[in-house]
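Got the viewer open? Load the model, switch to cartoon, and keep the selection box handy.

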Amino acid sequence: MKTYSFVTTSSIDHIGLIELNRPDKYNALNLKMVAEIADALEEFDHDQEIRTMVISGKGKAFSAGADIHEMKDRSSVELELLDQFADWDRLSAIKKPIIAAIKGFVFGGGFELALCCDIVIASPTAQLSLPEVSIGIIPGAGGIQRLTKLVGRNKALEWLWTGERISAETALHYGIINKVVEDETLLEETMKLARQIALQPPLAVSLIKNSVNKALNQPLNEGVHYDRKNFYLLFNSEDQKEGMNAFLEKRSPKFKGK
């Protein structure tokens, strides 16, 4: 496993853990940190022992957003040459489930990172916001598109235009997060869900994520046909045989991801 400067990684029970580790800056995201997050996710995605991933933040915040000091003096040409969001695009290609455990500040790029995850568990302390408009820019890592798909045009515009902070309860109401749990049990509850998913057949879990993502970007009929192809594909897997045999034999299945 690689050693990183701004994130720490570990694994347990087929779960890959990634912790944002810049607590003195409220886990503000600089370019190297985003690249390390993408590297760690890809490393776990290619590891046959890992079935689910969890992202959390060290300290009081998940992430207070992008490191403004790093970008404030950049020109448009510099940002284009840097390909500012190339590492963010890598997150969309991760096949395995990603669960975020968020608390405290979840601002700007931190909110966009949470929106890149498949499931989000929040502490009551979590405050979410895309406040970029207040510094003369807009979210650029996909937050506008993902938020709009979740909450609809009008509410997205309200939050993007005002930069208003969204409480955990409000985020739950609008389907931005999946669950609110007490701060002291945040990681415990997130890990409980991660373990539950990790017990499922990995190929089926991956193809479910694939199909759900496709459903967001294509008409219903095309999505249904895509789902059926994935359905048929799984009948060539050992896990399908094991799952159905275990069901008929009234025993717990032992999935291998094959």
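Here is a walk through the sheets, then a helix near the end of the numbering, then two backbone oddities.

**Before you click**

This is a predicted model: local features need pLDDT of at least 70, side-chain atom pairs count only at pLDDT 80 or more, and totals for chains, interfaces and linings use all residues. Residues are numbered from 1 along each chain as its sequence is written, and side-chain values use heavy atoms, with hydrogens and water left out.

**Stop 1: the six-stranded sheet**

Colour by secondary structure. Helices (H or I, at least four residues) and strands (E, at least two) are DSSP runs, numbered from the N terminus. Two strands count as paired if DSSP finds at least two bridges between them. With that in hand, look for an open sheet of 6 strands, ordered E1-E2-E3-E4-E6-E9, with mixed pairing. Its edges are E1 and E9, each pairing on one side only.

Start at the E1 edge. Strand E2 (residues 15-20) runs antiparallel to E1, and 6 bridges hold the pairing. Select Ile12 and you'll find Ile15 of E2 opposite.

Now pick Thr9, which sits in strand E1 (residues 7-12). Is Thr9 buried or exposed? Thr9 is buried, at 19% relative accessible area. The cut-offs are under 20% for buried, over 50% for exposed and partly exposed in between, with a 1.4 Å probe and protein chains only. Show the contacts of Thr9 (heavy atoms within 4.5 Å). Leaving out residues up to four places away in sequence, Thr9 touches Met1, Lys2, Tyr4, Leu17, Ile18, Ala40 and Phe44.

**Stop 2: strand E6, covered on both faces**

Jump to strand E6 (residues 119-122). In a regular strand, side chains alternate between the two faces of the sheet. Here Ile119 and Ile121 are on one side, Val120 and Ala122 are on the other, and all of them are buried.

What does E6 pair with? On one hand there is strand E4 (residues 98-102), parallel to E6 and joined by 4 bridges; Ala100 stands opposite Val120. There is also strand E9 (residues 179-180), again parallel, over 2 bridges. To see that pairing, select Ile121 with Lys179 of E9 opposite.

**Stop 3: a three-stranded sheet**

Next, find the open sheet of 3 strands in the order E5-E7-E8, with mixed pairing. Strand E5 (105-107) and strand E8 (166-167) are the edge strands, each pairing on one side only. E5 and strand E7 (residues 127-129) are parallel, with 3 bridges, and Phe105 faces Gln127 of E7.

**Stop 4: helix H12 and its buried side**

Select 238-248, helix H12: its buried residues are Asp239, Gln240, Glu242 and Ala246. Why do they fall on the same side of H12? Because they cover an arc of only 165° around the axis, taking the directions from the helix axis to the C-beta atoms. Helix H10 (202-215) is among the things covering these buried residues.

Zoom in on Ala246 in H12. Ala246 has a relative accessible area of 0%, so Ala246 is buried. Leaving aside neighbours within four places in sequence, Ala246 is in contact with Arg251, Ser252 and Pro253. For a distance label, try Ala246 to Ser56: the C-alpha atoms are 35 Å apart, and the two residues are separated by 190 along the chain.

**Stop 5: a nonpolar patch**

Turn on the surface and select Phe231, Tyr232, Phe235 and Met244, which make a nonpolar patch of about 440 Å². Patches take residues with over 30% relative accessible area and no salt bridge; like charges are joined within 9 Å and nonpolar side chains (Val, Leu, Ile, Met, Phe, Trp, Tyr) within 5 Å. A salt bridge is a side-chain nitrogen of Lys or Arg within 4 Å of a carboxyl oxygen of Asp or Glu. The areas come from the Shrake-Rupley method with a 1.4 Å probe, and for residues only the protein chains shown count as cover. Phe231 belongs to helix H11 (residues 220-233) and is partly exposed at 47%.

**Stop 6: two positive phi angles**

Most residues other than glycine have a negative phi. Asn27, not a glycine, has a positive phi of about 55°. Asn27 lies in the loop between E2 and helix H1 (31-45) and is buried at 0% relative accessibility.

Finish on Lys250, just after H12, with a positive phi of about 55°. Is Lys250 buried or exposed? Lys250 is exposed, with a relative accessible area of 77%.
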